[in-house]
Amino acid sequence: MQTISLSVARRSALAAQGFADPRPASAPTRRHLSRVLSRVQLLQLDSVNVAVRAHYMPLFSRLGAYDPALVDEAAWAHRPRRPRMLVESWAHEASLLPVEDWPLLRSGAKRDGWWRHYTEVVETVPGLLEDVLAVVKERGPIGAGAIERALETEGERRGPGAWWERSVVKKACEYLFGLGELSTGTRRSFERLYDLTERVVPPEVLSRRVSVEEGARGLIERSARALGIGTEPDLRDYYRLGPDVTRHAVGELVAEGVVEPVRVEGWRATAYRHAEARTPRAVPGRALLCPFDPLIWERGRTERLFGFRYRIEIYVPEPKREYGYYVFPFLLDGALPARVDLKSDRAAGTLRVQGAFGEPDIDVPRVTTELAGELRHMAQWLGLDTVTVGNRGNLATSLRRLVS
């Protein structure tokens, strides 16, 4: 088994995620979006909107300033001559992924998610699921609240005892979404508007049947391609698969020559490198990474690759937070030398850096200069006029001087 250095593993990982590709010189197009998706495979969705929606930021990190409508149109605007590129599903978490990958997620390779706990709830109301599907079929794309109102009206026509708690309807919608019977037809102010999956996913994709084994191999191959190199748990985490199905898929991919087992200096577990992974001599450039960027999803891998310990502190009480509520690691020339706690203050027209923290033994003047430049670029992309730096963190003073 070949042994590779940590530096090689790091550069392979960054190249796989698209950070070795130069940012486009002109305005990014649908072709650029497609190229990033061929690298990262999927974009995580999240409701937090403190700085920017999670599914928009990874593209900015790799492409620079682009029109977010590129993502919206690819995911939620169906046009006959420009087919939908992306569909929503439970993958890593709630995610946008290429439409053609839908059968892999429905193969049974991925275990049912948290929504399975709604089974007992929705089954307490006879006919609920059928009624929800009927409303969506007639009125979709439609939000859960509108479905509730439609069912309430129907219940009033049926007479006493025909209605149920409204919260159950939302659970029924999420249950049907988890089963794949409903999908997201579009979104309105980030509200999910449900539609029948048959009206979202093209029939030639929807009708494709994939075995559990084929689905697992397809998803793990995509994980390996997106990561470049990773341990079996790293590969498993990308689509949140179970250990047994992942180990079997990895074994088959090794036998087929799709992935190669290697040792990485300093790693305890065997790593697997995709056969098409490339290792550039250097990965120059800079990028801010949102908490849900796929490069840093697996926190243990982030620490193994970069020596950078990172945790999301959204659910940590404020007095106990080490760095802040919504912290972005800063990528510079293949390293993670700093992090910033960011908030978009749209009313004041400023990107607030509520904390700026550098790692030990960094070149502070260079890191802060590059960080200031990327913060200004991000603020401009978000339509904010200024960058404002607070007092927290060992880089705050020098960064404030540069952006003021």
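Student: How many aromatic pairs does a search of the whole structure find?

Tutor: The model is a predicted one, and the rings in question are those of Phe, Tyr and Trp, which pair if their centres lie within 6.5 Å. A search of the whole structure on that basis gives a count of 11 aromatic pairs.

Student: Which kind of pair do the rings of Tyr238 and Tyr239 make, given their centres and planes?

Tutor: A pair of aromatic rings is described by the distance of the centres and the angle of the planes. For Tyr238 and Tyr239, both of which are buried, the centres are 5.8 Å apart and the planes stand at 65°. Planes over 60 degrees apart count as edge-to-face, so the pair Tyr238 and Tyr239 is edge-to-face.

Student: Over which ring does the charged end of Arg192 sit, and how far from its centre?

Tutor: A comparable arrangement can be described for two arginines, beginning with Arg187, whose charged end sits over the ring of Phe190, 4.3 Å from its centre. The charged end of Arg192, for its part, sits over the ring of Phe177, at a distance from the ring centre of 4.0 Å.

Student: Does the span of helix α15 agree or disagree with what its 18 residues should give?

Tutor: Helix α15 covers residues 364-381, and at 1.5 Å a residue its 18 residues should span 26 Å. The C-alpha atoms at its ends are 25 Å apart, which means that the two values agree.

Student: Which residues does Met378 contact, leaving aside its neighbours within four places in sequence?

Tutor: Met378 is one of the buried residues of α15, and it is also among the residues with the most contacts inside the largest nonpolar core, which has 109 residues. With neighbours within four places in sequence left aside, the residues in contact with Met378 are Val52, Met57, Phe60, Leu288, Phe328, Leu342 and Leu351.

Student: Is Thr231 buried or exposed?

Tutor: Thr231 is found in strand β7, residues 229-231, and its contacts beyond four places in sequence include Trp267, Tyr272 and Arg304. Its relative accessibility is 5%, and the cut-off for the term is under 20%, so Thr231 counts as buried.

Student: Which strands stand at the edges of the open sheet that has the order β2-β4-β3?

Tutor: The three strands of this open sheet pair in antiparallel fashion, and five bridges join β3 to β4, with Ser89 opposite Ser95 in β4. Two of the strands have a single partner strand each, so one side of each is left without a neighbour in the sheet. The strands at the edges are therefore β2 (43-44) and β3 (86-90).

Terms used. Residues are numbered from 1 along each chain as its sequence is written. This is a predicted model: local features need pLDDT of at least 70, side-chain atom pairs count only at pLDDT 80 or more; totals for chains, interfaces and linings use all residues. Side-chain values use heavy atoms; hydrogens and water are left out. A nonpolar core is a set of buried Ala, Val, Leu, Ile, Met, Phe, Trp, Tyr and Cys residues joined through side-chain atoms within 4.5 Å. Buried means under 20% relative accessible area, exposed over 50%, partly exposed in between (1.4 Å probe, protein chains only). Contact means heavy atoms within 4.5 Å. Helices (H or I, at least four residues) and strands (E, at least two) are DSSP runs, numbered from the N terminus. The expected span of a helix is 1.5 Å times one less than its number of residues. Rings of Phe, Tyr and Trp (its six-membered ring) pair if their centres lie within 6.5 Å; planes under 30 degrees apart count as stacked, over 60 as edge-to-face and the rest as tilted. A charge sits over a ring if NZ of Lys or CZ of Arg is within 6 Å of the ring centre and within 35 degrees of the ring normal. Two strands pair if DSSP finds at least two bridges between them.
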